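Okay, thanks for coming, everybody. I'll keep this short, so have a look at what's on the screen and stop me whenever you like.

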Amino acid sequence: MSNLRDNGGMKPEIGFVGLGVMGRPMASHLSRKYSVIAFDVDRSRLEGLTGVEAAGRPSEVCEADVVLLSLPSTHAVETVVLGGMDGR
């Protein structure tokens with residue numbers, strides 16, 4: 001039984017912020033089974049990541065059914081969660 005909202009039989013969408021040493025392989029693996037949208041401040045980390053849609057800013061990731069963060073510090077998490085990266 002899944003707690004993800006019903007999206008008409010489509011694959012659940014996973015949002016991912018942070019594609020570093022740990023986040024990139026996790027997003028890649030998840031993209032095999034789910035629709036994945038991801039953001040990283042270093043846009044080059046999205047290059048060659050097959051099956052992962054690139055978000056232009058962290059708030060775009062929030063539309064996903066589930067959002068995962070793989071960030072290097074408490075400050076980075078607070079910045080993303082509180083909207084600092086989107087200029088709000």
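So, strand 2 and strand 3: they pair through three bridges, in the parallel sense. If you want one pair to click on, take Val-36, which sits opposite Val-52 in strand 3. Before I go further, please keep in mind that this is a predicted model.

Let me stay with strand 2 for a moment, residues 35-39. How much of strand 2 is buried? Four of its five residues are, so "mostly covered" is a fair description. On strand 1, residues 13-17, you get that count again: four of five residues buried. These two strands run parallel, and five bridges join them. Two of the pairs are easy to find: Gly-15 has Ile-37 as its bridge partner in strand 2, and Val-17 stands opposite Phe-39.

Here's a general point for anyone colouring side chains at home. In a regular strand, side chains alternate between the two faces of the sheet.

Now, strand 1 has another partner as well. Which strand is joined to strand 1 by four bridges? That's strand 4, residues 66-69, and this pair is parallel too. A pair to look up there is Ile-14 with Val-66.

Zooming out, the chain has three helices and four strands. Reading from the N terminus, the order goes β-α-β-β-α-β-α. Strand 1, then helix 1 at residues 23-30, then strand 2 make up a β-α-β unit, and that unit is right-handed. Over the whole chain of 88 residues, buried ones make up 33%.

While we're on helix 1, have a look at Ala-27, which is in that helix. Is Ala-27 buried or exposed? Its relative accessible area is 0%, and the cut-off for buried is under 20%, so Ala-27 counts as buried. There's also a long-range neighbour to point out: Ser-70 is 43 residues away along the chain, yet the two C-alpha atoms are separated by 9.9 Å.

For contrast, go to Glu-63, in the loop between helix 2, residues 58-61, and strand 4. Glu-63 has 59% relative accessibility, and exposed means over 50%, so this one goes in the exposed bin. From Glu-63 to Ile-37 you count 26 residues in sequence, but C-alpha to C-alpha they are 9.3 Å apart.

Okay, Asp-40. Where is it? In the loop between strand 2 and strand 3, with strand 3 being 52-54. Asp-40 is a charged residue, and it is buried, because its relative accessible area is 4% against that 20% cut-off. What does its side chain have around it? A polar atom of the Asp-40 side chain lies 2.5 Å from the backbone nitrogen of Leu-19. The side chain of Asp-40 also makes a polar contact with the side chain of Arg-45, at 3.4 Å. And Ala-55, 15 residues along the chain from Asp-40, has its C-alpha 8.3 Å from the C-alpha of Asp-40.

Asp-40 takes us to the last stop, the largest pocket. Which residues lie nearest the centre of that pocket? Gly-18, Asp-40, Ser-70, Leu-71 and Pro-72, out of 18 that line it. The space in there comes to about 240 Å³. By residue type, the lining splits into eleven nonpolar, five polar and two charged. Among the elements, helix 3, residues 74-81, gives the most to that lining, with three residues.

So if you open the model later, I'd start at Asp-40: buried, in polar contact with Arg-45, and among the residues nearest the centre of the largest pocket. That's me done, over to you.

Notes: Residues numbered from 1 in each chain as written. Predicted model: local features only at pLDDT ≥ 70, side-chain atom pairs only at ≥ 80, totals over all residues. Heavy atoms only, no water. 1 Å grid on protein atoms, 1.4 Å probe; cavity = no way out; pocket = protein on both sides within 12 Å on 5 of 7 lines; lining within 4 Å. Points joined across faces, edges and corners; volume = space filled by probe spheres on them. Buried < 20%, exposed > 50% of the residue type's maximum accessible area, 1.4 Å probe, protein only. Pairing = 2+ DSSP bridges. Right-handed = clockwise from strand over helix to strand, strands pointing away. Polar contact = N/O pair within 3.5 Å; in protein donor to acceptor, adjacent residues only side chain to side chain.
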